[in-house]
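New to this one? Take a moment with the sequence and the 3D view, then read on for a short briefing.

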Amino acid sequence: MNPTRVGAIVMRQFYLYRGSPQRILPMFAWVAIDIMLWGFITRYLNQVSHAGFNFVPALLGAVLLWDFLTRIMQGVTMAFFEDVWSRNFLNFFATPLRTSEYLTGLVIVGIASSLLGLVAMLSLATVAFGLSFLTYGAALVPFLLVLFLTGIALGIFGAGIVLRLGPASEWLIWPIPSLVSPFVGVFYPISVLPPWMQVISHALPPSYVFAGMRTVVAGGQPPWAELALGGAMAVIYVILACLFFTSVYRYAIRTGLIARYSAETVS
């Protein structure tokens, strides 16, 4: 793997955002809307509830963590879509660029954009609603790591779908986080789900993250064994997503479907 080529992918996105500030605004606008909306909902629930339960870390914390995963996925897919929309994708692979180098560049871009979003979410949630994950210290890192790897896997998988089905299929990618969220128990334990949904839940790494966070918020110890299982699954999914993207790319080259991404192609 050539670091210079990877850096070129990252720099391309950097110059794109630097020359188009309106692309930066959505990174923070949607985050602020989610945090403010759910923040006021949790504040209202604290006022009307007499159970002595604090809904802020339980619900607002769950929203923050799920937004973190979503931003990571979208950071990867948006970087890919920018190349698709500008019909620049084929130009990349007219060079000696490898698919592994291209994917690594997309992942780095996803990391950078998601970290900006995470900082914005944490700052707003702390200032406006008093939610601070800093009280959990280093114990929070494994939770974020599992979500991070899952977001990367979903992002690469989504890019592979668009590469296989064509640019018009990008609308299939945006709903993925919403389709996954009911199965991972973002706001409720997966025990309330029907048995067939629970089977799917156990195969999704974020399920272990949100179950573990509810345990921690309730005053228990982090379930390290479950988190390790979720992390191992997430690593496997990242590898499978990369293999899927590479396989689709080779298929597109072999069958000529890659031509739909050329500057001359209009459909």
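Here is a quick tour, going from the core to the aromatic rings, the surface and the charged pairs.

Keep in mind that this is a predicted model. Its largest nonpolar core holds 70 residues, and a search of the whole structure turns up 10 aromatic pairs. The structure also holds 3 salt bridges.

**The nonpolar core**

- Phe 80 and Tyr 102 are the ones to look for here, as they touch the most other members of the 70-residue core.
- Plenty of helices chip in: those giving two or more residues to this core are helix 2 (25–48), helix 3 (55–85), helix 4 (89–92), helix 5 (99–129), helix 6 (140–165), helix 7 (176–184), helix 9 (205–217) and helix 10 (224–255).
- If you skip its neighbours within four places in sequence, Tyr 102 is in contact with Ile 9, Phe 80, Asp 83, Phe 89, Phe 92, Phe 93, Leu 97 and Phe 245.
- Phe 80, for its part, is buried, with a relative accessible area of 0%.

**Aromatic rings**

- One aromatic cluster is made up of Phe 80, Phe 81, Trp 85, Tyr 102, Trp 174 and Phe 245.
- Why is the pair of Phe 80 and Phe 81 tilted? Their planes sit at 50°, with the ring centres 6.1 Å apart, and tilted pairs are those whose planes are neither under 30 degrees apart nor over 60.
- Phe 81 also pairs with Trp 85, again in a tilted way, at 5.7 Å centre to centre and 35° between the planes.
- Those two residues, Phe 81 and Trp 85, are 4 residues apart in helix 3, so about one helical turn separates them.
- Buried or exposed: where does Phe 81 fall? Phe 81 counts as buried, at 0% relative accessibility.
- Trp 85, on the other hand, counts as partly exposed, at 41%.

**A nonpolar patch on the surface**

- Which residues form a nonpolar patch on the surface? They are Trp 85, Leu 165, Trp 171, Leu 172 and Trp 174, and together they have about 550 Å² of accessible area.
- Trp 85 in helix 3 therefore shows up twice in this briefing, being part of the patch and part of the aromatic cluster, and its relative accessibility of 41% is over the 30% that a patch residue needs.
- Trp 174 is likewise named in both the patch and the cluster.

**Salt bridges**

- Some background first: side chains of opposite charge can pair when their charged atoms come close.
- Arg 5 and Glu 101 form a salt bridge, with the closest N and O atoms 3.4 Å apart.
- That pair links distant parts of the chain, since Arg 5 is in helix 1 (residues 3–18) and Glu 101 is in helix 5, 96 residues apart.
- Arg 5 is partly exposed, at 28% relative accessible area, whereas Glu 101 is buried, at 0%.
- Leaving out neighbours within four places in sequence, Glu 101 is in contact with Met 1, Asn 2, Arg 5, Val 6, Ile 9 and Pro 96.
- Asp 83 and Arg 12 meet through their side chains in another salt bridge, at 2.9 Å from N to O.
- Asp 83 lies in helix 3 and Arg 12 in helix 1, so this bridge ties together parts that are 71 residues apart in sequence.
- Asp 83 counts as buried, at 1% relative accessibility, while Arg 12 counts as partly exposed, at 21%.
- Asp 83 also ties back to the core story, as one of the contacts of Tyr 102.
- Asp 34 and Arg 71 form a salt bridge too, with their closest N and O atoms 3.8 Å apart.
- This bridge also links distant parts of the chain, from Asp 34 in helix 2 to Arg 71 in helix 3, 37 residues apart.
- Here the acidic partner, Asp 34, is partly exposed, at 21%, and Arg 71 is buried, at 14%.

**One more spot to find**

- Val 162 lies in helix 6 and counts as buried, at 1% relative accessibility.
- How far apart are the C-alpha atoms of Val 162 and Ile 111? They are separated by 21 Å, and the two residues are 51 residues apart along the chain.

Terms used. Residues numbered from 1 in each chain as written. Predicted model: local features only at pLDDT ≥ 70, side-chain atom pairs only at ≥ 80, totals over all residues. Heavy atoms only, no water. Core = buried A, V, L, I, M, F, W, Y, C linked by side-chain atoms within 4.5 Å. Buried < 20%, exposed > 50% of the residue type's maximum accessible area, 1.4 Å probe, protein only. Contact = heavy atoms within 4.5 Å. Phe/Tyr/Trp six-rings, centres within 6.5 Å; stacked < 30°, edge-to-face > 60°. Patch = residues over 30% accessible without salt bridge, like charges linked within 9 Å, V, L, I, M, F, W, Y side chains within 5 Å. Areas by Shrake-Rupley, 256 points an atom, 1.4 Å probe, with all protein chains shown as cover. Salt bridge = Lys/Arg side-chain N within 4 Å of Asp/Glu carboxyl O.
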